[in-house]
Amino acid sequence: MNFSRHLEINEPITSKSFSSESSKNVSVESKKLEDSTKILQNLSNSSSSRVIVVTSGKGGVGKTTATANLGMSIARLGYKVTLIDADIGLRNLDLLLGLENRVLYTAMDVLQGECRLDQALIRDKRHKNLALLSISKNRQKYNVTRKNMENFIESISLLGYHFILIDCPAGIDVGFINAISPAKESLIVTTPEITAIRDADRVAGLLEANGIYNVKLLVNRVRPDMIQKNDMMSVRDVQEMLGIPLLGAIPEDQHVIISTNKGEPLVLKKKLTLSGIAFENAARRLIGKQDYFIDLQTPYTNPISQGIKKVQKFFLGN
Ligand code: ADP
Ligand code: MG
């Protein structure tokens, strides 16, 4: 990988830069210094990507679905987003995005010198703001160290990406620590089942032990009908059990499966389904926009005019 830009910025800031005698030299040197300051400023601007790892304790709870839909939503909101498929064992982010035929190179190929990073960064055909980097095509070929991951993130940041979402293996899988190490933020995905919640709690502990304190929660596959009958925990119950701030709640929705099969994230649908709206709202909150929490029980009426009461009722359970 080429990190020569790092070397360039170091070069002008030497004692030589400050020791010129003639005024001509002074102006040349101060111009150099000005240039290097500009480079440094650009560098710090361009390398300020938000790096968010999407993880869970239990497998199959919706990490990849969440990464694809949140990533696409954020890209549609005008930000440059890279999605990294770091779940080597269950690599399928490319399928969900419909990009499987375009993944010719992976991060492993970059490390082995077989291609450049930009060749492994697959641009989405619908939204140029969105790119995908797969770490490896198969588990046998996986040999990406923590340092490698950090270098990839740094290089992608330098390309001006605002968000980097890492679709991570479940908490106990190989590669978890390597995948989370470059992240400053995390999104824990869970379903409202006791086993998934307990595993999510363990992962929250692992994240904290690895210095990731900015953690948010996404509760997926919520069934309001079951909550009403007391057969499922409410989103509020899940959130209180884990004690992690809530980013969003996504309902169980058969369109998720249809969209997976089509390789078209839900949030791209012209008429958004409830889960599509819920993902869009979560994406807005992720970029810092205040948004209402969707009322999954009466979704198609305006939650603001319905009053906050109903929304609260949903999160409180019954
Ligand atoms: P993970 O990445 O955590 O293993 P996936 O995102 O691959 O989980 O989802 C696992 C399965 O659950 C997939 O078949 C997916 O279509 C399905 N699924 C995920 N979220 C929902 C949802 N909200 N409603 C219905 N099915 C879902
Ligand atoms: Mg997955």
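Strands, as named in these legends, are DSSP runs of E of at least two residues, numbered from the N terminus. The structure shown is a predicted model.

**Figure 1. Strand β7 and the backbone of R221.**
R221 lies in strand β7, which spans residues 214–222. Although R221 is not a glycine, its phi is positive, at about 60°. With a relative accessibility of 37%, R221 counts as partly exposed, because that class covers values between 20% and 50%.

**Figure 2. The shell of residues around ligand 1.**
Ligand 1 occupies the space of the largest pocket. The shell comprises 14 residues, of which K63, T64, T65, N220 and D253 come nearest to the ligand. By character, the shell divides into four nonpolar, six polar and four charged residues. Three elements each supply at least two residues of this shell: helix α3 (63–76), strand β7 (214–222) and helix α12 (254–262).

**Figure 3. Polar backbone atoms facing ligand 1.**
This view shows backbone atoms of V61, K63 and D253 beside the ligand. A backbone N or O atom of K63 is placed 2.9 Å from an oxygen atom of ligand 1. For V61, the distance from a backbone N or O atom to an oxygen atom of the ligand is 3.2 Å. D253 is placed beside a nitrogen atom of ligand 1, with a polar backbone atom at 2.9 Å. Ligand 1 taken alone exposes 560 Å², and the protein buries 84% of that area.

**Figure 4. The two ends of helix α12.**
D253 caps the N-terminal end of α12, where one of its side-chain oxygens lies 2.9 Å from the backbone nitrogen of H255. D253 is also among the residues that come nearest to ligand 1. Just after α12, G263 adopts a positive phi of about 70°.

**Figure 5. T273 and its spatial relation to D253.**
T273 belongs to the loop between α12 and α13, the latter spanning residues 274–286. The relative accessibility of T273 is 9%, so this residue counts as buried. T273 and D253 are 20 residues apart along the chain, and their C-alpha atoms are separated by 8.3 Å.

**Figure 6. N230 in the loop between α10 and α11.**
The loop that holds N230 connects α10 (224–228) with α11 (235–242). N230 is a residue other than glycine, yet its phi has a positive value near 60°. The relative accessible area of N230 is 64%, and the residue is therefore classed as exposed.

**Figure 7. K80 in the loop between α3 and β2.**
K80 is located in the loop between α3 and β2, a strand that covers residues 81–85. Its relative accessibility is 23%, so K80 counts as partly exposed. The C-alpha atoms of K80 and K128 lie 8.3 Å apart in space, while the two residues are 48 positions apart in sequence.

**Figure 8. L104 in the loop between α4 and α5.**
L104 lies in the loop between α4 (93–96) and α5 (107–111). L104 is exposed, with a relative accessible area of 60%, because values over 50% define that class. From L104 to A120, the C-alpha to C-alpha distance is 7.2 Å across a sequence separation of 16 residues.

Notes. Residues are numbered from 1 along each chain as its sequence is written. Chains are lettered from A and ligands numbered from 1 in the order in which they are written. This is a predicted model: local features need pLDDT of at least 70, side-chain atom pairs count only at pLDDT 80 or more; totals for chains, interfaces and linings use all residues. Side-chain values use heavy atoms; hydrogens and water are left out. A residue is near a molecule or strand if one of its heavy atoms lies within 4 Å of it. A polar contact is a pair of N or O atoms within 3.5 Å; within protein, one must be able to donate a hydrogen and the other to accept it, and residues adjacent in sequence count only if both atoms are side-chain atoms. Accessible areas come from the Shrake-Rupley method with a 1.4 Å probe; for residues, only the protein chains shown count as cover. On a 1 Å grid over the protein atoms alone, a cavity is a set of points where a 1.4 Å probe fits but cannot get out, and a pocket is an open set with protein on both sides within 12 Å along at least five of seven lines; lining residues have an atom within 4 Å of a point. A molecule sits in a cavity or pocket if more than half of its atoms lie within 2 Å of its grid points. Helices (H or I, at least four residues) and strands (E, at least two) are DSSP runs, numbered from the N terminus. Ala, Val, Leu, Ile, Met, Phe, Trp, Tyr, Cys and Pro count as nonpolar, Asp, Glu, Lys and Arg as charged, and the others, Gly among them, as polar. Buried means under 20% relative accessible area, exposed over 50%, partly exposed in between (1.4 Å probe, protein chains only).
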